[in-house]
Amino acid sequence: MGWTYVIVAGLLEIIWIFTMKQSEGFTVLVPSVATVILLVISFFIFSKAMEFISVGTAYAVFTGIGTVGAVTVEFIMNPELVSVMKVFFILILLTGILGLKVTEKEETEGSEVSH
C-alpha cells in the first residue's frame, strides 16, 4: 500500500509542477489554485506512504517520480530540449528509484516502519 501512495503522490506532483508553470508565478488564478490544491493532496498522500515506507526512501522515490515526470512532460512539450546526456541522466535516476524500490521492505499494514 505504501508504494501505491508514493506513486499516486508522485503523479500528482507532476501535475502540480505543470500547473505551477502555467500559473506564471502565481499570477494566473485557475492554475494557481489548482497548484495549491494538488500540492496539498499530493503531500497528504505522501504522508500516508511514510506510514509504510522509511522516510528517506519514500522521499527519494517521490521526488524522483516528480523529476522524471516533469522532464518527460517538458520533452513532450519542447522536443528540442531532448539531448543524449539528459536522457542518460534520467535513466540513471530511474535506475536509482528502481533500486530503492527493490531494496525497501514494505511493512505490513498497521506495523511501524523500521529504520
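1. Start with Thr19 and the residues it touches. Setting aside neighbours within four places in sequence, Thr19 is in contact with Pro31, Ala34, Thr35 and Leu38. Thr19 itself sits in helix H1, which covers residues 2–22. Keep in mind while looking at this that the model is a predicted one.

2. Is Thr19 buried or exposed? Its relative accessible area is 13%, and the cut-off for buried is under 20%, so Thr19 counts as buried.

3. Thr19 has company in H1. The buried residues of that helix are Gly2, Trp3, Val6, Ala9, Gly10, Leu12, Glu13, Ile14, Trp16 and Thr19. Note that Glu13 is in that list. What do these buried residues pack against? Their partners are helix H2 (29–49), H3 and H4.

4. The length of H1 checks out nicely. With 21 residues at 1.5 Å a residue, H1 should span 30 Å, and its end C-alpha atoms are indeed 30 Å apart, so the two agree. Just after the helix, have a look at Glu24: this residue follows H1 and has a positive phi, near 50 degrees.

5. Now for the whole chain. How many helices and strands are there? The chain has four helices and zero strands, so if you read along the sequence you get the pattern α-α-α-α. Its C-alpha atoms fill a box of roughly 45 × 35 × 15 Å along the principal axes. Of the 115 residues, 32% count as buried.

6. Contacts across the sequence are worth a word too. Taking the contacts in the chain with a separation of 6 or more, 71% come from residues 24 or more positions apart. For a pair to look at in the viewer, try Ser47 and Val6: they are 41 residues apart in sequence, while their C-alpha atoms are 8.8 Å apart in space. Val6 is one of the buried residues of H1. Ser47 belongs to helix H2 and is partly exposed, with a relative accessible area of 31%.

7. Next, the H2 and H3 pair. The axes of these two helices come within 10 Å and cross at roughly 145 degrees, and H2 passes H3 in a right-handed crossing. On the H2 side the contact is made by Ser42, Phe43 and Phe46, and on the H3 side by Ala58, Tyr59 and Phe62. By type, the residues of this contact divide into five nonpolar, one polar and no charged.

8. Then H3 and H4. How do their axes cross? The axes of H3 (residues 55–77) and H4 (residues 84–103) come within 10 Å, with a crossing angle of roughly 150 degrees. Angles over 145 degrees count as roughly antiparallel, which means H3 is roughly antiparallel to H4. The crossing of these two is left-handed.

9. Which residues make the H3 and H4 contact? H3 brings Thr57, Ala60, Val61, Gly64, Ile65, Thr67, Val68, Val71 and Phe75, and H4 brings Lys86, Val87, Ile90, Leu93, Leu94, Ile97 and Leu100. The residues of this contact divide into twelve nonpolar, three polar and one charged.

How values were computed
Residues numbered from 1 in each chain as written. Predicted model: local features only at pLDDT ≥ 70, side-chain atom pairs only at ≥ 80, totals over all residues. Heavy atoms only, no water. Axes fitted to C-alpha atoms, helices over the stretch in contact; angles between N-to-C directions. Parallel < 35°, antiparallel > 145°, perpendicular 65-115°, else oblique. Left-handed = near helix turned anticlockwise from the far one by under 90°. Contact = heavy atoms within 4.5 Å. Nonpolar A, V, L, I, M, F, W, Y, C, P; charged D, E, K, R; others polar. Buried < 20%, exposed > 50% of the residue type's maximum accessible area, 1.4 Å probe, protein only. Expected span 1.5 Å × (residues − 1).
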